[in-house]
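Me: Please take one sheet and look at it closely, and then work outward to the strands, pocket and ring contacts elsewhere in the chain. I would like a single connected account that I can follow with the model open in front of me.

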Amino acid sequence: EARACESGARVLLWGRVFLDAERVLLRDSYGEIPLEGISASQADVLEVVGTWSGSTLLVESHRVLAQPTSGGLRATSDALRLHPVQIERLRKRAALLRSLHGFFEGQDFLHLETPNAVISPGLDRHVEAFSIPNMPVPGRDAPGRYLITSPEYHMKRALSAGLERIYQVSRCYRREELGPNHQPEFTMLEWYRSPSHSNAIMRDTEELVAHVATAINARPILRYRGKELDVTPPWDRMRVEEAFQRFAGVSAHDLAHDEEAFFRVCVEELEPKLGHERPIFLTHWPAKMASLARMHPKSNPPAADRFEAYVFGIELCNGFGELVDAQEQRARLEAEYAERARLNETLYPIDEAFLGALEDGLPGCSGNALGIDRLVMLCIGADSLDEVLAFPAGTELL
């Protein structure tokens with residue numbers, strides 16, 4: 001507002017002071033303005049009155065609103081110091097979320113909120129949960145609750161209860177995940193259609209990403225490390241077996257019996273080569289990697305109705321044509337439980353309420369889980385998740 005004033009206008013401003021060489025800068029969440037005619041300490045919060053010159057505020061009077069007792073901003077405040085670049089990133093993140101909600105509301109999806117503290121966080125061998133031991137389960141002999149690694153179980157219970165189009169933007173938590181593309185606490189988008197096929201969810205994904213990218217960049221592009229990628233639908237598709245053969249020279253189905261070797265090839269050989277010319281869905285995963293996905297009915301060898309989307313070599317989402325057979329789902333969960341026990345890993349309870357919902361009946365449905373932090377990173381051209389979070393996790397896990 002001050003910059004919009006004519007030269008000579010008298011204005012009142014407040015913000016935090018930062019010293020830049022010989023200049024005194026007054027900074028707020030919209031930017032910074034140089035001050036003249038004043039000496040101030042780094043990190044003081046001031047109210048100033050002065051005359052706007054067109055580029056600088058000539059200070060007539062000022063008042064200290066707050067003063068750090070330590071003589072300057074603490075190191076722990078460095079993650080968010082009202083730096084204009086960081087503030088602009090947070091504004092774009094908020095704009096992306098508004099656009100995302102508008103996309104789903106325009107298709108008559110219901111925004112659902114489910115618990116963050118649950119009895120069972122799932123049994124995926126590659127995902128570890130944070131425990132809340134002092135949050136007991138009334139009437140049950142249970143060790144406590146866990147922070148969700150995904151809201152999937154509760155959302156499928158909602159589908160079984162009769163909801164048809166639902167989505168959720170939720171905070172999720174996973175131990176032992178920290179890096180440029182990982183945070184132990186992160187924001188997840190999950191949505192489901194019932195009844196539907198996985199093709200419908202893949203179309204949703206293409207259209208959603210193009211929609212929010214256009215909202216941020218005025219055209220459907222993602223950016224990463226100086227490169228741009230057009231995300232206009234439709235995206236490319238490739239079966240996992242073809243990708244393994246083309247990029248690693250091995251058979252995915254031959255490796256599927258050894259999960260560690262399979263995912264090592266995925267991370268080291270496949271992912272870095274995917275989604276650089278066009279976004280791509282990797283489909284038809286080996287049956288052993290089905291997780292909560294149903295099987296493709298006519299696939300030989302057997303393949304799961306599971307897909308992942310990649311852009312710039314980064315996994316953006318993981319979706320399923322959902323398994324709705326209660327007996328098959330119970331058998332898979334019991335097998336995963338036994339494998340965790342064999343490897344001396346944490347044994348999370350099997351979610352009987354989730355299995356009960358499947359037993360009550362759930363039409364064929366599909367769903368997807370998409371990382372919001374990664375999508376924001378790619379929309380604004382940041383290099384890591386730390387750049388799109390107000391307070392990213394440090395070197396210590398939660």
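Reply: In this predicted model, strand 8 and strand 9 (residues 145-147) run antiparallel and are joined by 2 bridges. One contact to find here is that of Ile132, whose bridge partner in strand 9 is Arg145. These strands belong to an open sheet of 3 strands, in the order 7-9-8, in which the pairing is antiparallel. Strand 7 (117-118) and strand 8 (131-132) are the edges of this sheet, and since each has a single partner strand, one side of each is left without a neighbour in the sheet.

Strand pairing can also be followed towards the start of the chain. Strand 1 and strand 2 run antiparallel and are joined by 5 bridges, while strand 1 also pairs with strand 4 (residues 45-52), again in the antiparallel sense, over 7 bridges. Arg16 is a useful residue from which to see both pairings: it stands opposite Arg27 in strand 2 and opposite Val45 in strand 4. The hairpin of strand 1 and strand 2 has 2 residues between the strands, and in this hairpin Ala21 takes a positive phi near 55°. Arg27 has a further contact, for its charged end sits over the ring of Phe18, 4.3 Å from the ring centre.

The second largest pocket holds about 470 Å³ of space. It is lined by 17 residues, of which Glu1, Leu13, Trp14, Asp28 and Tyr30 are the closest to its centre. Strand 1 (10-20), strand 2 (23-28) and strand 3 (31-36) are the elements that each give two or more residues to this lining, and strand 1 has the largest share, with 5 residues. Sorted by class, the lining of the second largest pocket has 9 nonpolar, 6 charged and 2 polar residues.

The aromatic contacts come next, and the count of aromatic pairs comes to 12. Phe104 and Tyr167 form a stacked pair, with 4.6 Å from centre to centre and 15° between the planes. Because Phe104 lies in helix 1 (residues 84-105) and Tyr167 in strand 10 (residues 165-173), this pair ties together parts that are 63 residues apart in sequence. With a cut-off for buried of under 20% relative accessible area, Phe104 counts as buried at 0% relative accessibility, and Tyr167, also at 0%, counts as buried.

Phe244 and Phe262 are a stacked pair as well, because their ring centres are 4.9 Å apart and their planes lie at 25°, where planes under 30 degrees apart count as stacked. This pair links distant parts of the chain, with Phe244 in helix 4 (residues 240-247) and Phe262 in helix 6 (residues 259-270), 18 residues apart. Phe244 is at 0% relative accessibility and therefore counts as buried, and Phe262 counts as buried because its value is 0%.

Returning to Phe104 and Tyr167, ring pairs link these two residues with Phe103, Phe109 and Trp191 into a cluster. One more contact between a charge and a ring can be found at Trp285, where the charged end of Arg306 sits over the ring, 4.4 Å from its centre.

Definitions and conventions
Residues numbered from 1 in each chain as written. Predicted model: local features only at pLDDT ≥ 70, side-chain atom pairs only at ≥ 80, totals over all residues. Heavy atoms only, no water. 1 Å grid on protein atoms, 1.4 Å probe; cavity = no way out; pocket = protein on both sides within 12 Å on 5 of 7 lines; lining within 4 Å. Points joined across faces, edges and corners; volume = space filled by probe spheres on them. Helix = DSSP H or I, 4+ residues; strand = E, 2+ residues; numbered from the N terminus. Nonpolar A, V, L, I, M, F, W, Y, C, P; charged D, E, K, R; others polar. Pairing = 2+ DSSP bridges. Phe/Tyr/Trp six-rings, centres within 6.5 Å; stacked < 30°, edge-to-face > 60°. Buried < 20%, exposed > 50% of the residue type's maximum accessible area, 1.4 Å probe, protein only. Lys NZ or Arg CZ within 6 Å of the ring centre and 35° of its normal.
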